[in-house]
Amino acid sequence: MEEIAARAGVGVGTVYRRFASKDALIDELLQLALEQILSSTERALARTDGYGLEELLQALGQSFADHARYASLLLARHTDEATAHRIRAAIDELTARARAAGTVNPGITAGDVLVLVWAMRGLVQATGPAAAEAWPRFLDIQLAGLRTTGPVSSAPPLSARQLAELAPAPPRPLTTPEHRRAGAG
């Protein structure tokens with residue numbers, strides 16, 4: 001909280017007046033990040049040229065980079081199922097559109113795109129501010145691979161069962177010390 005107050009140029013008391021706890025601040029940061037991602041998702045879905053998928057992937061990479069300093073805290077939180085479903089449905093739709101427009105190889109699946117998103121998120125987490133420019137190059141290389149012609153891989157794509165197993169879990173109930181003391185957690 002002290003670091004955030006210093007970066008914002010305010011006193012720590014100001015931060016605590018706005019956010020009762022570090023958890024409340026993290027929840028607000030997650031909500032802001034999700035709103036940006038959902039806005040980017042809508043912009044990508046509005047495209048009709050087959051490049052909406054690339055636009056969304058770039059927006060996701062930028063979001064990961066923008067929030068790299070506290071990404072591990074955000075990832076410990078779970079998004080609500082409706083938001084996760086909207087993003088997943090958009091990836092499905094944008095992948096289908098990209099295949100139909102010929103901007104990606106016909107063998108590319110939405111599961112392949114999800115794996116790319118997870119890999120990009122992991123790269124940003126691993127490199128952080130030390131190599132903030134790594135994710136755009138990584139994404140460019142992956143996009144070049146998605147566009148190639150011919151067989152994509154001799155290995156099968158992830159199955160629906162595997163994707164369901166790897167998808168974000170439903171939200172966990174809030175269990176702060178205050179809730180436990182009150183018997184609500």
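Me: Why are helix 4 and helix 7 called roughly parallel to each other?

Reply: In this predicted model, helix 4 and helix 7 pack at an angle of about 25°. Angles under 35 degrees count as roughly parallel. The two helices are therefore roughly parallel to each other. Their axes lie 9 Å apart, and the crossing is right-handed.

Me: Which residues make the contact of helix 4 with helix 7?

Reply: Helix 4 supplies L53, L57, L60, G61, F64 and A65. Helix 7 supplies V113, L116, V117, M120, R121 and V124. By class, that gives 10 nonpolar, one polar and one charged residues.

Me: What makes G61 the polar one and R121 the charged one?

Reply: Gly is counted among the polar residues, and Arg among the charged ones. Both G61 of helix 4 and R121 of helix 7 belong to this contact.

Me: What makes helix 4 oblique to helix 6?

Reply: The pair packs at an angle of about 135°, with axes 8 Å apart. Roughly perpendicular covers 65 to 115 degrees, and roughly antiparallel needs over 145. The angle of about 135° fits neither class, so helix 4 is oblique to helix 6.

Me: Which residues meet there, and what are their classes?

Reply: G52, L53 and L56 of helix 4 touch I91, L94, T95 and A98 of helix 6. Five are nonpolar, two are polar and none is charged.

Me: Why is S63 called buried?

Reply: The relative accessible area of S63 is 7%. Buried means under 20%, so S63 qualifies. S63 sits in helix 4. Leaving aside neighbours within four places in sequence, S63 is in contact with A33 and I37.

Me: Why is E42 partly exposed?

Reply: E42, in helix 3, has a relative accessible area of 43%. Buried needs under 20% and exposed needs over 50%. The 43% falls in between, so E42 is partly exposed. E42 and G52 are 10 residues apart in sequence, and 9.5 Å apart in space from C-alpha to C-alpha.

Me: How do you know that the span of helix 4 is close to the one expected?

Reply: Helix 4 covers residues 52-66, 15 residues in total. The expected span is 1.5 Å times one less than the number of residues. That gives 21 Å, and helix 4 reaches 21 Å from its first C-alpha to its last.

Me: What do the buried residues of helix 4 pack against?

Reply: Their partners are helix 3 (22-46), helix 6 (81-101), helix 7 (110-127) and helix 8 (134-147). The buried residues include E54, L56, L60 and F64.

Terms used. Residues numbered from 1 in each chain as written. Predicted model: local features only at pLDDT ≥ 70, side-chain atom pairs only at ≥ 80, totals over all residues. Heavy atoms only, no water. Helix = DSSP H or I, 4+ residues; strand = E, 2+ residues; numbered from the N terminus. Buried < 20%, exposed > 50% of the residue type's maximum accessible area, 1.4 Å probe, protein only. Contact = heavy atoms within 4.5 Å. Axes fitted to C-alpha atoms, helices over the stretch in contact; angles between N-to-C directions. Left-handed = near helix turned anticlockwise from the far one by under 90°.
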